[in-house]
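Here is a short set of exercises to work through with the model open beside you. Try each task before you read its solution.

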Amino acid sequence: MKNTLKIIAISFTLLLGASTYINAHHAFTAEFDPNAPINITGKVIKVEWINPHAWVHVEVKEAGKTTVWMVEGGTPNTLIRNGINKKTITPGTVIVVRGYQSKGKLCLPRCIANGRDVTFPDGSKVFMGSSGTGAPRDGSDPRERR
Amino acid sequence: MNKSLLILFTVIALVGGLNAEEWTQSKTWFGDPDLQGTWTNASLTNLERPDYYDTLIVSEEEARTTLRMSEEFSESVDNPYEEGESPQAGDNVGGYNVAWMDPGTDLFKLDGEYRSSILTYPEDGKLPRRYIRWGLEAYGMYRMFAVADHPEERSLGERCLVGFGSSGGPPMLNVLYNNNYQIVQSPGYVMILVEMNHDARIIRLESNHNPDNMKPWLGDSVGAWEGNTLVVRTKNHHPQQKFRAGIRHQILVMEGAEIIERFTRTEENEILYQFEVDDDKAYKDTWRGEMPLRAADGEIYEYACHEGNYAMANILAGARAEERK
């Protein structure tokens, strides 16, 4: 019995640890459908700089049909502290979003997706990275702490 | 003594005096040591020591290795697809870009040395868990992530009540982002605003604990000054806050746990934060840790979590969509 509980506890802890890296504010797997991948290109029409997640609204035109997607991002706090603000991504910017659609697919009022990978059409990132997140530590980033 | 020697000695004395000048703790207008400001505990150092480290103190080279591993992992998360490639059905849905995260940029240093864990005791850098208790509590946590009949069943973080893991504490531990705290003092009180998810710890100074049936989300904290150190004792932890899980740490804090924290400003831009957790229901031994709270740039952006919490509605809608299948 004791060993069984230990195995359950360890398994649960490992599972939780493995799954929460990208979960952050919430369980993404509860919100998004792993069987509904998306790869969309569209024009930004609105950015909501709100907590706990910022949302980028993208207008996608395909086969004569226009669909508006709300793409979930992270917290605005981090970007603002990095000097990235509302002027960094503005309405009219074209972006490519690769990720997964929400489990609820009513698209009312808008379709919902997570922005697992958000780039400009030329492949560059929509939001610049920062040291500790892939960028080199060259001293130019004030967040490079002692 | 000739004139040249006199000038030389004077210069040496002045330089020596400047070097000897140490930072002194400033006081608030009401005389308490001043801890006020915006602070961050963002760091690549986690609560528990990774298995690839044997010691608490690690070398510069080992610290660089950690940074490189973090960067490589972040890069793989940040851009998982080749140009033109699409996500595959059945894969992990993932999260959002790493650019939205702020876990820290290095292992933190104390006394000029890199640390491999926040934990200082037990000496192996691992929590002395009682696995039977953890096993008994696991199902309750599983339900928080697996059931979505009502908002009340979801995790406290998703409900915008408290932050993830033990961000709000006590003990206050680093998480994936929003590792910022604002300390404000007034006569008889110290308030710590925890950025994630906009919780405020209100520490009453020279006060008794509230009755045991009162269990605030972040526990009942009272404090006192020991010299320039603020000593905070917390008990009566909220029963729904006992399992605090995030990527950086997973801890269990039972209602009867007693936690002591110590805040000592060691220099203008740093507070030494130390804690001790005594919880014999969940742990075989006391555990202790320490880390720096470093001065943060800028202020905390308002975390109006409830107002913008589309995710909760989407999670519930997702559960209803699953039911219709």
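Residues 24 or more positions apart account for 63% of the contacts in chain B with a separation of 6 or more. Please keep in mind that this is a predicted model.

**Exercise 1. Put together a profile of each chain.**

Solution.
- Step 1: begin with chain B, whose secondary structure comes to four helices and 15 strands. Its C-alpha atoms fill a box of roughly 100 × 60 × 40 Å along the principal axes.
- Step 2: look at burial in chain B, where 42% of the 325 residues count as buried.
- Step 3: turn to chain A, which has three helices and six strands. Along the sequence these follow the pattern α-α-β-β-β-α-β-β-β.
- Step 4: find the matching values for chain A. Buried residues make up 47% of its 146 residues, and 51% of its contacts between residues at least 6 apart in sequence join residues at least 24 apart.

**Exercise 2. Describe the side of chain B that touches chain A.**

Solution.
- Step 1: count the residues on each side. Chain B gives 72 residues to the contact and chain A gives 68 residues.
- Step 2: ask which helices of chain B take part. Helix H2 (60-78), helix H3 (131-146) and helix H4 (310-324) of chain B each supply at least two residues of this side.
- Step 3: sort the chain B residues by character, which yields 35 nonpolar, 23 polar and 14 charged.

**Exercise 3. Work out the order of the three-stranded open sheet in chain B, and explain what is special about its edges.**

Solution.
- Step 1: read off the order, E2-E4-E3 (chain B), with antiparallel pairing.
- Step 2: consider the edges. Strand E2 (57-58) and strand E3 (109-110) of chain B each have a single partner strand, so one side of each is left without a neighbour in the sheet.
- Step 3: check one pairing. E2(B) and strand E4 (residues 113-115) of chain B are antiparallel over two bridges, and Ile57(B) has Arg115(B) as its bridge partner in E4(B).

**Exercise 4. Follow strand E10 of chain B: what are its neighbours, and how do its two faces differ?**

Solution.
- Step 1: take the pairing with strand E9 (residues 220-226) of chain B, where seven bridges join antiparallel strands. Within it, Val222(B) stands opposite Arg233(B).
- Step 2: inspect the hairpin of E9(B) and E10(B). Two residues lie between the strands, and Gly227(B) takes a positive phi near 65°.
- Step 3: move to strand E13 (residues 258-267) of chain B, which is joined to E10(B) by six bridges, again antiparallel. Here the bridge partner of Arg233(B) is Ile260(B).
- Step 4: recall the general rule that side chains in a regular strand alternate between the two faces of the sheet.
- Step 5: apply it to E10(B), residues 229-235. The covered face holds Leu230(B), Val232(B) and Thr234(B), while Thr229(B), Val231(B), Arg233(B) and Lys235(B) lie on the uncovered one.

**Exercise 5. List pairings made by strand E15 (residues 287-295) of chain B, with an example residue pair for each.**

Solution.
- Step 1: strand E1 (residues 37-40) of chain B runs antiparallel to E15(B), with two bridges. Thr40(B) stands opposite Arg294(B).
- Step 2: strand E5 (residues 119-121) of chain B also pairs with E15(B) in the antiparallel sense, over two bridges. Tyr121(B) has Arg288(B) as its bridge partner.
- Step 3: strand E14 (residues 270-278) of chain B is joined to E15(B) by eight bridges, antiparallel too. Tyr273(B) stands opposite Met291(B).

**Exercise 6. Examine the surroundings of Tyr181(B) and Tyr189(B).**

Solution.
- Step 1: place Tyr181(B) in the largest nonpolar core, which has 87 residues. Val71(A), Val97(A), Ala113(A) and Tyr181(B) touch the most other members.
- Step 2: list what Tyr181(B) touches beyond four places in sequence: Trp39(B), Met172(B), Ile192(B), Leu193(B), Val194(B), Glu195(B) and Leu293(B).
- Step 3: locate Tyr189(B) in strand E7 (residues 189-194) of chain B.
- Step 4: decide how exposed Tyr189(B) is. It has 14 other C-beta atoms within 10 Å, so it is partly exposed.
- Step 5: list the contacts of Tyr189(B) beyond four places in sequence, namely Ile202(B), Ile203(B), Arg204(B) and Leu205(B).
- Step 6: finish with a distance. Tyr189(B) and Tyr301(B) are 112 residues apart in sequence and 23 Å apart in space, C-alpha to C-alpha.

Terms used
Residues are numbered from 1 along each chain as its sequence is written. Chains are lettered from A and ligands numbered from 1 in the order in which they are written. This is a predicted model: local features need pLDDT of at least 70, side-chain atom pairs count only at pLDDT 80 or more; totals for chains, interfaces and linings use all residues. A nonpolar core is a set of buried Ala, Val, Leu, Ile, Met, Phe, Trp, Tyr and Cys residues joined through C-beta atoms within 7 Å. A residue is buried if 20 or more other C-beta atoms lie within 10 Å of its own, exposed if 12 or fewer, and partly exposed in between; C-beta atoms are placed from the backbone. Two residues are in contact if their C-beta atoms, placed from the backbone, lie within 7 Å. Two strands pair if DSSP finds at least two bridges between them. Ala, Val, Leu, Ile, Met, Phe, Trp, Tyr, Cys and Pro count as nonpolar, Asp, Glu, Lys and Arg as charged, and the others, Gly among them, as polar.
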